[in-house]
There are 2 protein chains.
Amino acid sequence: MSLGYGQSENSSGLLFLTDEQLRKGIEAMFFAYRGFTADPDRILSERSYGRAHHRALHFIKRSPAITINNLLSTLGVTKQSLNRVLRTLIQDGLVLNEVGVQDKRQRHLSLTEDGSEFERALSNAQSDRMRTAYRQAGADAVQGFRAVLEAMMDPELKKHYGTRSNGQRS
Amino acid sequence: MSLGYGQSENSSGLLFLTDEQLRKGIEAMFFAYRGFTADPDRILSERSYGRAHHRALHFIKRSPAITINNLLSTLGVTKQSLNRVLRTLIQDGLVLNEVGVQDKRQRHLSLTEDGSEFERALSNAQSDRMRTAYRQAGADAVQGFRAVLEAMMDPELKKHYGTRSNGQRS
DNA sequence: AACAATACGTCAGTGTTGTTGACATTCCAA
DNA sequence: TTGGAATGTCAACAACACTGACGTATTGTT
């Protein structure tokens with residue numbers, strides 16, 4: 001089997017990786033992440049929003065009615081940092097903030113019509129690039145891409161990955 | 001062939017990707033990048049350095065005697081931003097700044113002994129995680145990982161990827 | 001020799017996004 | 001009733017990006 005990228009496998013089935021190969025992996029992450037954020041960044045700057053706004057919109061879209069605490073632990077930032085971003089999104093009418101029914105201490109976040117539309121624009125820009133990259137690399141590559149990324153996540157953060165649930169407890 | 005991750009391929013050989021699959025790819029990038037930077041970030045904060053210092057050290061190590069302009073276009077930041085970082089690294093004795101021989105306007109950057117040692121510590125932390133992720137995902141996955149990342153880069157930035165040259169012209 | 005362009009450094013101001021620390025309010029649960 | 005949980009907010013600060021402007025040294029060109 002041709003492994004490509006100068007990898008080799010020894011008799012124990014363990015990958016042998018040179019410093020050079022690891023360095024290229026590191027740089028690949030660096031350069032790819034720039035490309036990954038480039039398109040949404042352009043759209044965001046038109047409305048003088050930043051990447052933090054995009055992230056908030058993304059996860060609110062993913063988990064409608066998500067609570068502040070859940071969003072906080074998903075994003076991994078402080079509440080003060082998130083609050084600044086949410087305040088502008090709520091004021092601008094992109095995000096709805098509703099008091100919980102079971103637990104009135106909680107707030108449930110969701111996208112307004114405008115918010116959905118804007119999130120879609122950002123999401124489309126990012127998805128387009130990802131789709132192009134996927135097709136360029138091929139189906140097998142996509143599988144490997146996701147497998148390596150998942151293995152690279154912190155276990156603590158990984159639990160927030162791949163769910164559509166809003167994490168509400170009954 | 002089992003593609004996994006719910007992908008499918010149509011008769012034209014084109015990947016069919018649902019919004020859900022693309023969304024998971026986007027989140028994978030987000031969470032993985034956090035993991036990717038987590039270990040070096042810890043080391044950096046002990047010396048009150050940031051990610052920008054790490055990036056500078058990485059590319060100076062990769063291309064010894066690199067000029068300011070080349071480093072600038074590799075990192076994709078402004079000279080004012082880079083200068084702030086380089087100034088501290090030079091003052092702290094981690095980076096050498098030497099006037100060019102052929103062209104005395106240019107400055108050539110390289111790591112000192114201390115700089116090499118520090119860069120190695122950062123690099124090792126990051127490489128360890130990447131090596132673990134690679135081994136967990138398997139040899140085929142690594143190939144796909146790199147292929148997708150490369151396809152995701154901006155062409156303008158991609159030209160800085162995968163070279164050990166310092167970009168000097170004769 | 002004169003002049004334009006290149007490479008670099010720096011000052012000042014601004015914006016986004018993160019942090020810590022402190023404090024208040026509201027509400028749930030024991 | 002009392003403690004803790006969930007949220008919001010104020011203030012201060014730091015990292016790191018940006019723009020704009022200006023200065024100096026050096027090189028290349030006319």
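Here is a short chat about how to read this predicted model, two protein chains with two DNA strands.

Visitor: What should I know before I start looking?

Guide: This model is predicted, so local features need pLDDT of at least 70 and side-chain atom pairs count only at pLDDT 80 or more, while totals for chains, interfaces and linings use all residues. Residues are numbered from 1 along each chain as its sequence is written, chains are lettered from A and ligands numbered from 1 in the order in which they are written, and side-chain values use heavy atoms, with hydrogens and water left out.

Visitor: How do I read the way two helices pack?

Guide: Two packed helices are described by the angle between their axes and the distance between the axes. Axes are lines fitted to C-alpha atoms, for helices over the stretch in contact, and angles run from 0 to 180 degrees between N-to-C directions. Helices themselves are DSSP runs (H or I, at least four residues), numbered from the N terminus. Now try chain B: α2 (residues 51-62) and α4 (residues 79-91) pack at about 70°, with axes 10 Å apart. That makes α2(B) roughly perpendicular to α4(B), a label for angles of 65 to 115 degrees.

Visitor: Which residues of α2(B) and α4(B) meet?

Guide: From α2(B) come Ala52(B), His53(B), Ala56(B), Leu57(B) and Ile60(B), and they meet Val85(B), Leu86(B), Thr88(B) and Leu89(B) of α4(B). Contact here means heavy atoms within 4.5 Å. By class, this contact has seven nonpolar, two polar and no charged residues. For the classes, Ala, Val, Leu, Ile, Met, Phe, Trp, Tyr, Cys and Pro count as nonpolar, Asp, Glu, Lys and Arg as charged, and the others, Gly among them, as polar.

Visitor: At what angle do α2(A) and α4(A) pack?

Guide: About 75°, with their axes 10 Å apart. So α2(A) and α4(A) are roughly perpendicular to each other too.

Visitor: How are chains A and B related?

Guide: Try laying one copy on the other by least squares, on the C-alpha atoms of residues with pLDDT of at least 70 in both. Here a rotation of 180° with 0.0 Å of shift along its axis puts chain B on chain A, with an RMSD of 0.0 Å. The two copies are thus related as by a two-fold rotation axis. In chain B, Phe145(B) comes closest to that axis, at 1.8 Å for its C-alpha. The copies meet through the same surface, because 100% of the interface residues of chain B are also interface residues in chain A.

Visitor: Which residues are closest to DNA strand D?

Guide: A residue is near a strand if one of its heavy atoms lies within 4 Å of it. Strand D has 26 such residues around it, the closest being Lys79(A), Gly50(B), Arg51(B), Arg55(B) and Thr78(B). Sugar and phosphate make up 62% of the strand D atoms that come within 4 Å of the protein. The nearby surface has three nonpolar, 13 polar and ten charged residues.

Visitor: What polar contacts does strand D have?

Guide: A polar contact is a pair of N or O atoms within 3.5 Å. A polar side-chain atom of Arg55(B) lies 2.6 Å from a phosphate oxygen of strand D. Backbone atoms join in as well: a polar one of Thr78(B) is 2.7 Å from a phosphate oxygen, and an N or O of Asn69(A) is 2.8 Å from one.

Visitor: And which residues come nearest to DNA strand C?

Guide: Of the 27 around strand C, those are Gly50(A), Arg51(A), Arg55(A), Arg84(A) and Lys79(B).

How values were computed
Helices (H or I, at least four residues) and strands (E, at least two) are DSSP runs, numbered from the N terminus. Angles under 35 degrees count as roughly parallel, over 145 as roughly antiparallel, 65 to 115 as roughly perpendicular and the rest as oblique. A polar contact is a pair of N or O atoms within 3.5 Å; within protein, one must be able to donate a hydrogen and the other to accept it, and residues adjacent in sequence count only if both atoms are side-chain atoms.
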